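The report below describes the fold of one protein chain, moving from its overall make-up to its sheet and then to a single residue.

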Amino acid sequence: ITGRAAIISGARVDYFRDRLNDTMSDSHQVSEKKAKNPMREIKVAKMIINCCVGESGDRLTKAAKVLEQLTGQTPVFSKARYTVRTFSIRRNEKIACHVTIRGEKALQLLESGLKVKEYELHRDNFSDTGCFGFGIDEHIDLGIKYDPSTGIYGMDFYLVLERPGKRVARRKRCQNKVGTCHQVTKEDAMKWFQQKYDGIILTK
């Protein structure tokens with residue numbers, strides 16, 4: 001290409017390059033605005049601590065006492081959904097207990113649980129809905145003094161994350177859906193964990 005045609009093609013290249021740069025700068029500004037938007041901040045909605053003993057009786061009662069000692073709340077008992085003869089579980093038999101914690105207490109217990117895990121979680125610990133969970137083997141690692149009469153119990157931590165405005169999907173009057181772009185995704189939850197707690201996410 002020579003002469004006038006070369007000048008025209010060069011001008012077109014410059015025009016589209018400028019358009020591309022403008023688009024990239026606009027998208028960068030939009031992402032910065034989104035990051036500063038207080039409605040985009042992720043917070044802990046609630047945390048559930050579950051202790052499944054697998055049988056009713058004395059062990060379940062002691063596990064409930066451990067949860068009450070840990071959280072300061074009265075645990076709720078869970079029943080078996082169906083009979084499993086291999087594990088000697090009958091339908092509607094109480095086999096586990098759990099506690100739901102919110103607010104500052106939830107953050108304190110989460111910090112204690114993550115210390116036990118050394119702030120390392122696997123990628124599979126995170127769900128597609130932006131929640132994540134992990135388990136610990138011994139409750140005494142959380143700072144509770146060991147009692148020989150009680151024994152040692154493991155428990156599961158499960159965290160629910162959400163953004164402000166989630167209430168519109170739960171309220172009784174004028175109930176509405178939360179937009180897809182406002183919901184917490186798996187990547188959002190992992191990024192929140194890494195930024196807030198300097199966490200490490202394992203892939204293998």
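In this predicted model, the protein comprises four helices and seven strands, and from the N terminus on these elements follow one another as α-β-α-β-β-α-β-β-β-α-β. Of the 204 residues in the protein, 29% are buried, while the exposed surface amounts to about 14,000 Å², with carbon and sulfur atoms supplying 50% of that area. Among the contacts with a separation of 6 or more, 62% are made by residues 24 or more positions apart.

Five strands form an open sheet in the order S2-S3-S1-S6-S5, and their pairing is antiparallel. Strand S2 (76-79) and strand S5 (132-136) each have a single partner strand and therefore stand at the edges, with one side of each left without a neighbour in the sheet. On average, and with direction ignored, neighbouring strands of this sheet are turned by 25° against each other. Helix H2 (residues 58-71) packs on the sheet, where it touches strand S1 (43-52), S2, S3 and strand S6 (155-162), and the direction of H2 makes about 5° with that of S3.

The pairings of the two edge strands can be set side by side.

| Edge strand and partner | Sense | Bridges | Residues standing opposite |
|---|---|---|---|
| S2 and S3 | antiparallel | four | phenylalanine 77 and cysteine 97 |
| S5 and S6 | antiparallel | five | isoleucine 136 and methionine 155 |

In the first of these pairs, the partner strand S3 spans residues 94-101, and cysteine 97 is the S3 residue that phenylalanine 77 faces across the pairing. In the second, methionine 155 belongs to S6 and stands opposite isoleucine 136. Although S5 stands at an edge of the sheet, this strand is mostly covered, since four of its five residues are buried.

Strand S6 also holds glutamate 162, whose surroundings deserve a separate look. Is this glutamate 162 buried or exposed? Its relative accessibility is 11%, and because the cut-off for a buried residue is under 20%, glutamate 162 counts as buried. The side chain of glutamate 162 makes a polar contact with the side chain of arginine 170, at 3.2 Å. When residues up to four places away in sequence are not counted, glutamate 162 touches Glu41, Ile42, Lys43, Ala45, Arg170 and Val184, so that arginine 170 appears both in this list of contacts and as the polar partner of glutamate 162.

Note on methods:
Residues numbered from 1 in each chain as written. Predicted model: local features only at pLDDT ≥ 70, side-chain atom pairs only at ≥ 80, totals over all residues. Heavy atoms only, no water. Pairing = 2+ DSSP bridges. Helix = DSSP H or I, 4+ residues; strand = E, 2+ residues; numbered from the N terminus. Axes fitted to C-alpha atoms, helices over the stretch in contact; angles between N-to-C directions. Contact = heavy atoms within 4.5 Å. Buried < 20%, exposed > 50% of the residue type's maximum accessible area, 1.4 Å probe, protein only. Areas by Shrake-Rupley, 256 points an atom, 1.4 Å probe, with all protein chains shown as cover. Polar contact = N/O pair within 3.5 Å; in protein donor to acceptor, adjacent residues only side chain to side chain.
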